[in-house]
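Biologist: Could you take me through one part of this model up close? I would like to see how a single spot fits into its surroundings, and then how that chain meets its partner.

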Amino acid sequence: MNPLELTLGIMTAVGGFVDISELVFAAKAGSTFGYALIWVFAFSTVGIIVFSEMSGRVAAIAKQPVFNLMRHRLGLKLGLVTLLASIISNLVTCAAEIGGVSLIMNYLTGAPYLVMAVVLTLLIILSIWVLPFKWIERIYGLLGLFMIVFAAALVGIHPPWAKIAAGFVPQVPHGLSTKELMTFGYFCVAIVSAVLFPYEVYFYSSGGIEEEWGPKDLLTNRITSILGMGLGSLLAISILANSAQLFGPANISPEIPGSAALEAAIPFGKWGLILALLGMLFAVAGAAVETCMANAYSIAQFFGWKWGRHKKPWDAPRFTVTWIALFVAALLVVLTGINVMTLVELAILFSILVLPLTYLPLLLLAGDRQYMREHVNGRLAKGLGWVYFAVITVAALSAIPLYLLTSGGNG
Amino acid sequence: MLILAALLAGCSGSCPEADLQYIKQARSIGAEWALINEQANANNLTPTYVTSMHVWLRQQLQTSSTSLTKPDSRYGKEIQALLQQPDDVAPDEIRAHVARLKQIEDQLESA
């Protein structure tokens, strides 16, 4: 295990953890319910750690990417349904990320939003074309570390630490009306969906295969999953806690992604604002890359095409055309002028519906001794895996009713 | 039962309760606008960010306003008054509108 590689891997995971949905929902959750939803972030983070570690282990031992498993485990028909649902979910998510990046660039430079959407999509496509896989992931992830300014801002505003610590204990605030309880439920579902986005697992496990992981990489996989996701989650929790402290008492429920940047500007002034916007820009751009590539990986793996960024683009022509076409499709969605917040809400909804079908085959294969030999799921991984599977299934079933009953969390 | 059904049918889509989410949205946008102007006055924000945020907030506020089922109501007029303010209006002036919207919101929620 190379310590430098390990450190870079962890830092990349930290910087790449937050995407546009987490940014929006963390800020809204804090302003609406104070610190009471911190535990949902913490709980969901353990879930994504469990499934990321599992998908990395399956990639290293069984050498199977998630969508290959899906076709074998769910059968062709159900596999195809899952593929279609995940294509739609990832496409909407990718469009939300491109819209988010364009908005952030608009806050930084004042350049028109739609022009920025075109320019940034082209730049992201170019970066994927010219950079090796490892550096695509690292550049966006490492530059996303500017978001640490949100954690520093939290220290800078001297929040009530005891209340923040109490937020890690599972709770439902007292004295909520029925409508407020439903809104609380909707936020729980949205946070679970935003943290456990399926694209993260597709991208992570495909990346493991791209980098030819083997049994020697299992410890790195475990440490990167636990520390990278765990520390990344602290950034999201910082955004929530800053929002609870600064926005809640001011009657603000952040309606646009740029609002979160104010959290760093209040204690640190212009430099805080600029660092926050730069961190958001690279973290969200990284998420755009991951969603689009995850979609292309899924399609190529499902149909058995040659795939991977370790190959020259013309050596895997269908895969190359697919990821470029998916970026263009996501850009076209943004160019219709649809509101970024609407896209974020749709991304959350579609993703939660796909989650159970994404994680079931992974759980089954990681527990199959024939494929995984001595690296099969242990008691802890198996127990946690099934608990989280039950939680995401309940969340998936309640997502649409809660969305409709609460007007998308707006009460 | 019939009276209840008639009341529900009459209410659907046109009661002030149906506008509650837009009132909340407008109140929040107004409060955010005040915070931005306050931070801009303290020289904590870049001019580009302030200009962009004003454009987006105004757009959101306009959407809330046009989504109202009763634009001529007290809250509709309050939102219109907010929309007519210049971008660099004093934070306290915006907060006065926000306070009135919050009052209406609380009244509707407790009704």
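Modeller: Happy to; here is a walk from one leucine outward to the partner chain. Please keep in mind that this is a predicted model. The mean pLDDT of chain A is 90, with 99% of its residues at 70 or more. Within chain A, the element with the lowest mean pLDDT is helix 1 (residues 3–15), at 73, while helix 8 (residues 161–166) has the highest, at 97.

Let's start at A:Leu196. You will find A:Leu196 in the loop that runs between helix 9 (178–195) and helix 10 (198–210) of chain A. Is this loop residue buried or exposed? A:Leu196 is buried, because 25 other C-beta atoms lie within 10 Å, and the cut-off for that label is 20 or more. Leaving aside residues up to four places away in sequence, A:Leu196 touches A:Ser44, A:Gly47, A:Ile48, A:Leu355 and A:Ile392. For a sense of distance, take A:Lys306: A:Leu196 and A:Lys306 are separated by 110 residues in sequence and by 27 Å in space, counted C-alpha to C-alpha.

One of those contacts, A:Leu355, leads us to helix 14 of chain A, which covers residues 340–366. Helix 14 of chain A is built from 27 residues and spans 37 Å from its first C-alpha to its last, close to the 39 Å expected at 1.5 Å a residue. If you follow helix 14 of chain A along, you meet a kink of about 40 degrees at A:Val354, shortly before the proline A:Pro356. The rest of the structure largely encloses helix 14 of chain A, because 24 of its 27 residues are buried.

Now for the partner. Chain B has 5 helices and 0 strands, giving the pattern α-α-α-α-α along the sequence. Chain B counts 36% of its 111 residues as buried. Looking at contacts in chain B between residues at least 6 apart in sequence, 70% of them join residues at least 24 apart.

Where the two chains meet, chain A contributes 22 residues and chain B contributes 23 residues. On the side of chain A that touches chain B, helix 4 (66–109) and helix 12 (262–303) of chain A each supply at least two residues. The largest share of that side, 6 residues, comes from helix 12 of chain A. By type, the residues on the side of chain A that touches chain B are 9 nonpolar, 11 polar and 2 charged.

Key:
Residues numbered from 1 in each chain as written. Chains lettered and ligands numbered in written order. Predicted model: local features only at pLDDT ≥ 70, side-chain atom pairs only at ≥ 80, totals over all residues. Helix = DSSP H or I, 4+ residues; strand = E, 2+ residues; numbered from the N terminus. Buried ≥ 20, exposed ≤ 12 C-beta atoms within 10 Å, placed from the backbone. Contact = placed C-beta atoms within 7 Å. Nonpolar A, V, L, I, M, F, W, Y, C, P; charged D, E, K, R; others polar. Expected span 1.5 Å × (residues − 1). Bend = angle between axes of the 7 residues up to and from the residue. pLDDT = per-residue confidence, 0-100.
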